[in-house]
Amino acid sequence: MTRIAGLFGKLRAQQRKALIPFITAGDPDPALTVPLMHALVQAGADIIELGVPFSDPMADGPIIQRASERALANGVSLRQVLALVASFRHDDRETPVVLMGYANPVEAMGLDEFAAAAAAAGVDGVLVVDYPPEESRAFVSVLRAHSLDPIFLLAPTSSEERIAQVGTLASGYIYYVSLKGVTGSAALDVAAVAARIPGIRARTGVPVGVGFGIRDAATAAAVAEVADAVVVGSRIIEEIEHSARETVCDRVAVLLAELRCGVDSVTAGGKGAKWAG
Amino acid sequence: MALPEYDLPDASGHFGQYGGVFVAETLIAALDELKEAYAAAQRDAQFIAEFEHELKHYVGRPSPLYHARHWSAVLGGAQIFLKREDLNHTGAHKINNCIGQALLARRMGKARVIAETGAGQHGVATATVAARYGMTCVVYMGSEDMRRQAANVYRMKLLGARVVPVDSGSRTLKDALNEAMRDWVTNVSDTFYIIGTVAGPHPYPMMVRDFQSVIGREAIAQMQEQCGRQPDAVIACVGGGSNAMGIFHPYIPVGGVRLIGVEAAGEGLGSGRHAASLTAGRPGVLHGNRTYLLQDENGQISETHSISAGLDYPGVGPEHAWLKDCGRAEYVSVSDGEALQAFHDLCRLEGIIPALESSHALAYAASLAPKLARDAILLVNLSGRGDKDIHTVAERSGIRF
Ligand SMILES: Cc1ncc(COP(=O)(O)O)c(C=O)c1O
């Protein structure tokens, strides 16, 4: 069993939901990436999504674009991202790590070489934003050969047919994008999300995480009510952007602890308990 | 080598290994809707008739085929014929495609159009058709390009468009395209994205090629009429590749006709400051398709350089990547200096001020013509007029107005 499947099995038994923070590797500084990852885990992260910086992040809003630009200014390459994961794995053999990025850096490295190196570094899943299912058959089989989970996006506009198609390829979890737009967009319609999740879960047999538009404990709680996992990206990057180097790990940990409270307030242990914040 | 059995892209938008639909899931439904609407429009005689009516009465087609006798005589070799896309309304080939896509947008009930632009030519053409059809228009333009092309920014505003500066990445065309995609994904229900070249995810490369192919179809008829035969070579500049695809495509099955695409070598291929993706790039994925890209060893997209903003793009349409690999078309490059020389020559010898983009195709023709016999024929796509470029040229010559 992969680390991701193991995690969701454990959480299901505890009737808890997963909290998945996203940070961009190398932002604000490559030396802070591994400490940030450990801080996130200590504050309650179940999985870490690690962004691979790219020069043309077409699906990202301004906040994650800036994170990508800062990381690139620090000279962070895909190979270095893998080295950072390996370094994280030195002290944490439990927490799944999912790489999220764009196709070109992966293709420049070569699919086989990338998958082998990612597996060796301790990566668990890979989401390539601009590989929709119809363009990712070869990639999925290469990932599988290295026991890596291919993570796919689904959107409010995805047809039933596409959901089924993603179901045949995806493992680990599916990332449901809760609204039209790019990362960092504001409005989140929880009722609309709630209406879609059970169908996706049933059709794909894979846990469903929801992201885009989750900014605080209240939205995290609302999403945790309906989804298997809550993904938070832009809000965390914002905190990183506005923190001094010395305090960035602490401030991100405080934010994550709040989000954790939100997620746990609606699940087993905390059912009905009000999030105190 | 002609390719008689040419029927690409395939149903999934691929030209061999190139092209495709490399976008986030959030855009798939919009692209499916577009694919269906375009397929229906192609079968609709009324749509085709309206497109042709607009090309004739609004753009002024057919554009003339002109024998540059004086310049050919001075070069002392092949006869050079110019396909005069510079005489179109708005001064370039870009309008052909904008009319096609705007009519499609109207058919789909989308009242808002958006576009990316580099030099501003596609932005101006989009703003023009938006005014003509009563649509709201937003144009994304890199802030660096807005500085370089201030006159076109004003033109777009005069035509009623909102021009949004893009400050991300290298602040040029590729970043404007990213930003337009982000707008589209956010406003997809009422917005049509008019891409300005044969790039982007399927069906754009095919659709833009189809709308631009009027250039090549006219040229085939005009060559036959004026010369009684087809040219030995067709030469066009390649930025994203739309004017080149437009003139090449009808010629793909025609035997004995070389197809030559000319990229921007900028300050020289060795300088690293150029935009020659087919000549010096490697296949990769950007802006929704797989194609040749200028990129570093880590797969980050390179910043490019050309004296002509319209060629300043790190990618190229996927059909050109395919035509290069299968050998049906050849791709060469021409430096800033060579393009400038051809610019001045055409001004002085033919009384035509060409766009700096088109000057790259002219420069290659000028280097090829003297090596050929006097009865050889070169057909050059004069994709646009150079009024927009006079500030750039003057600056190069140390002149300020
Ligand atoms: C006159 C002219 N020619 C050529 C181009 C390059 O585009 P493409 O390669 O798509 O024809 C441009 C782009 O702005 C242009 O304005």
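Which element gives the largest share of the lining of the largest pocket? The model on screen is a predicted one, and this tour starts with that pocket before moving on to cavities, salt bridges and a surface patch.

**Stop 1: the largest pocket**

Select α16 of chain B, since the answer to the opening question is α16(B), which provides 5 residues of the lining. The space in this largest pocket comes to about 670 Å³, and its lining consists of 23 residues, with B:R147, B:R148, B:H391, B:T392 and B:E395 the closest to its centre. To see the elements around the pocket, add α6 (143–148) and α7 (150–158) of chain B to the selection, for each of these, like α16, supplies at least two lining residues. Colouring the lining by residue class will show 10 charged residues, alongside 7 nonpolar and 6 polar ones.

**Stop 2: from α16 to α14**

Stay in helix α16 of chain B and pick B:R396, whose partner in a salt bridge is B:D336, with the closest N and O atoms 3.4 Å apart. This pair ties together distant parts of the chain, as B:D336 belongs to helix α14 (residues 336–350) of chain B and is 60 residues away from B:R396 in α16. The two ends of the bridge can be compared in a surface view: B:R396 has a relative accessible area of 46% and is therefore partly exposed, whereas B:D336, at 2%, counts as buried.

**Stop 3: a nonpolar patch**

Next select B:I353, B:I390, B:I399 and B:F401, which make a nonpolar surface patch of about 410 Å². One of these, B:I399, sits in the segment after α16 (390–396) of chain B. With a relative accessible area of 47%, B:I399 is partly exposed; a residue must have over 30% to be part of a patch, so B:I399 meets that cut-off.

**Stop 4: the largest cavity**

Turn now to the enclosed spaces, where the count is 9 cavities of 30 Å³ or more. The largest cavity holds about 340 Å³ of space, and for a view centred on it, select B:H93, B:K94, B:G310, B:L311 and B:E357, which lie nearest its centre among the 32 residues of its lining. The elements that contribute two or more residues to this lining are β5 (112–117), α5 (121–133), α8 (173–186) and α11 (242–248) of chain B. By class, the lining is made of 17 polar, 10 nonpolar and 5 charged residues.

**Stop 5: two bridges in chain B**

Helix α8 of chain B also holds both members of a salt bridge, B:R182 and B:E179, which are 3 residues apart, about one turn of the helix. The closest N and O atoms of B:R182 and B:E179 are 2.5 Å apart. B:R182 is buried, with a relative accessible area of 4%, while B:E179, at 23%, is partly exposed.

Then select B:D210 and B:R209, which form another salt bridge, with 3.1 Å between the closest N and O atoms. Here B:D210 is buried at a relative accessible area of 18%, and B:R209 likewise counts as buried, at 5%.

**Stop 6: the second largest cavity**

Move to chain A and select A:F22, A:D60, A:I64, A:T183 and A:G233, the residues nearest the centre of the second largest cavity, whose lining has 29 residues. The volume of this cavity is about 270 Å³. At least two lining residues come from each of β1 (18–24), β2 (48–51), α3 (62–73), β3 (97–101), β9 (229–232) and α11 (234–241) of chain A. The lining divides into 14 nonpolar, 11 polar and 4 charged residues.

**Stop 7: a network and a contact in chain A**

Still in chain A, select A:R215, A:R235, A:E238, A:E239 and A:R251, which are joined in a network of salt bridges. Over all chains, the number of salt bridges is 43. Side chains of opposite charge can pair when their charged atoms come close.

Finish on A:T204, found in helix α9 (residues 190–204) of chain A. At 10% relative accessibility, A:T204 counts as buried, because the cut-off for buried is under 20%. For a last distance to display, join the C-alpha atoms of A:T204 and A:A164, which are 6.3 Å apart although 40 residues separate the two along the chain.

How values were computed:
Residues numbered from 1 in each chain as written. Chains lettered and ligands numbered in written order. Predicted model: local features only at pLDDT ≥ 70, side-chain atom pairs only at ≥ 80, totals over all residues. Heavy atoms only, no water. Patch = residues over 30% accessible without salt bridge, like charges linked within 9 Å, V, L, I, M, F, W, Y side chains within 5 Å. Areas by Shrake-Rupley, 256 points an atom, 1.4 Å probe, with all protein chains shown as cover. Salt bridge = Lys/Arg side-chain N within 4 Å of Asp/Glu carboxyl O. Helix = DSSP H or I, 4+ residues; strand = E, 2+ residues; numbered from the N terminus. Buried < 20%, exposed > 50% of the residue type's maximum accessible area, 1.4 Å probe, protein only. 1 Å grid on protein atoms, 1.4 Å probe; cavity = no way out; pocket = protein on both sides within 12 Å on 5 of 7 lines; lining within 4 Å. Points joined across faces, edges and corners; volume = space filled by probe spheres on them. Nonpolar A, V, L, I, M, F, W, Y, C, P; charged D, E, K, R; others polar.
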